[in-house]
Amino acid sequence: MAQDTELKFTHSDFRRVRDMIYQRVGISLNESKTHMAYARLAKRVRSSGLRSFADYLDMLEGDQQTAEWQSFINALTTNLTSFFRESHHFDILREHACMQKKPGEIFRVWSSASSTGEEPYSIAITLLDVWREMSGGSFELVASDIDTNVLNHAALGVYNQERVEKVSPQLLRRYFDKGAGTNAGKVRLKKTVRDALIFFQFNLIAPNWPDIGQFDVIFCRNVLIYFDKSTQSEILAKMAKCLKPNGLLLLGHSENIVHLTDAYVACGRTAYKLAHPELQE
Ligand SMILES: C[S@@+](CC[C@H](N)C(=O)[O-])C[C@H]1O[C@@H](n2cnc3c(N)ncnc32)[C@H](O)[C@@H]1O
C-alpha cells in the first residue's frame with residue numbers, strides 16, 4: 001500500500017475513497033489507482049490540517065455540505081484534453097453544421113465533459129469558421145464539467161503556447177491573441193470565441209437532469225471510460241433525449257457503446273445518431 005513518512009493510506013482508506021467518489025461522481029476506481037488516489041489526495045489531507053486519511057474521510061462523511069467535497073472531486077478527476085483532439089470529429093461537426101444550418105434555426109452543441117476548455121473552444125472555432133464561410137446564422141454552444149477548477153480555467157481561455165502548437169497558423173491568427181510582457185508564452189482565445197460559450201457545472205450522474213433542451217451535436221468524449229457499464233447506459237439514455245431528431249453523439253476513441261444501448265446507430269468513426277428519431281419528443 002502506498003505510504004510515505006507522514007501519511008498512512010490503508011486498504012480501508014482506499015476503499016472509502018473509491019466508494020465516496022463513485023457515489024458522488026460515478027468514477028470507478030480500481031485497486032490499480034491506489035497510488036494515484038494517494039498522490040492526489042495527500043495534499044488535500046495536509047491542507048485541511050488533518051493528520052490522517054481516516055480523519056479526512058471522516059470529516060467529509062460527517063459534513064455532506066462542506067466545500068471540501070468539491071476539492072476532493074476536483075483532485076480525483078482526470079482532465080487530459082487538447083485542441084482539436086480526435087480531429088475527425090471536427091470534420092463531422094463542420095459537415096453536420098453545413099447540412100443542418102437553416103435560416104432562423106439555432107444550431108446547438110453541448111460539450112458535456114469540457115475539461116479545461118480545449119474541446120469546446122475547438123468546437124466554437126469550427127462553427128465560427130463555418131458561419132464565416134456561409135455568411136451568418138447562429139449557434140449556441142454550452143460546455144459543462146463536474147470539476148470547478150477546470151471550468152474556471154476554461155472560462156479564462158488562457159493557455160500556454162505549447163498547447164496550441166498543432167493549431168494551424170491561420171486559425172491561430174484568426175481566433176487567438178498572443179500574450180505580451182508578463183503574459184509572454186501564453187495565448188488567449190479572442191473575445192468573440194470566449195463569448196460564444198456558456199460554461200456551467202454539471203454532474204452527468206445527477207439523477208434528474210435540468211431541462212437544457214435538445215442539441216444538434218453532443219460531445220461526450222473520454223468521460224464514459226471512467227464509469228461502470230450501468231452508469232454509462234443511464235447517461236446514454238438521458239443523452240438520447242437531449243438530441244434533436246437528426247442530432248449526433250460523438251464519443252471518445254475507446255468508448256464502445258454497442259452492447260450498452262439500442263438508442264443509437266453508428267454513423268461514422270465514434271459518431272452515433274438516434275436509432276429512432278421519429279420517437280423524439
Ligand atoms: C479526460 S477529460 C475529457 C475532456 C474532453 N472531453 C476530451 O475528450 O478531450 C474527462 C473530463 O470528465 C469530467 N468528469 C468526470 N466525471 C464527471 C461527471 N460525473 N460529470 C461531468 N463531468 C465529469 C472530468 O472532470 C474531466 O474534465
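Modeller: Before we begin with this predicted model, keep in mind that angles under 35 degrees between two helices count as roughly parallel.

Colleague: How are helix 1 and helix 3 oriented to each other, roughly parallel or roughly antiparallel?

Modeller: Helix 1, which covers residues 11–25, packs with helix 3, residues 53–62, at an angle of about 30°, and their axes are 10 Å apart. Since the cut-off for this class is under 35 degrees, helix 1 and helix 3 are therefore roughly parallel.

Colleague: And in which hand does helix 1 pass helix 3?

Modeller: The angle in question is the one of about 30° between helix 1 and helix 3. For the way in which helix 1 passes helix 3, the computed crossing is left-handed.

Colleague: Where does the largest pocket lie with respect to domain 1 and domain 2?

Modeller: The largest pocket has a volume of about 610 Å³, and among the 32 residues that line the pocket, I27, T78, N222, V223 and Y226 are the closest to its centre. By class, this lining has 14 nonpolar, 12 polar and 6 charged residues. Because domain 1 (11–76) and domain 2 (88–279) both give residues to the lining, the largest pocket lies between them.

Colleague: What value is phi of F84 near, and what value is phi of E86 near?

Modeller: Most residues other than glycine have a negative phi. F84 lies in the loop between helix 4 (68–76) and helix 5 (88–100), and E86 also has its place in the loop between helix 4 and helix 5. Neither residue is a glycine, yet phi is positive for F84 and likewise positive for E86; for F84 the value is near 50°, and for E86 it is near 50°.

Conventions
Residues numbered from 1 in each chain as written. Predicted model: local features only at pLDDT ≥ 70, side-chain atom pairs only at ≥ 80, totals over all residues. Heavy atoms only, no water. 1 Å grid on protein atoms, 1.4 Å probe; cavity = no way out; pocket = protein on both sides within 12 Å on 5 of 7 lines; lining within 4 Å. Points joined across faces, edges and corners; volume = space filled by probe spheres on them. Nonpolar A, V, L, I, M, F, W, Y, C, P; charged D, E, K, R; others polar. Domains from an automatic or database assignment. Axes fitted to C-alpha atoms, helices over the stretch in contact; angles between N-to-C directions. Helix = DSSP H or I, 4+ residues; strand = E, 2+ residues; numbered from the N terminus. Parallel < 35°, antiparallel > 145°, perpendicular 65-115°, else oblique. Left-handed = near helix turned anticlockwise from the far one by under 90°.
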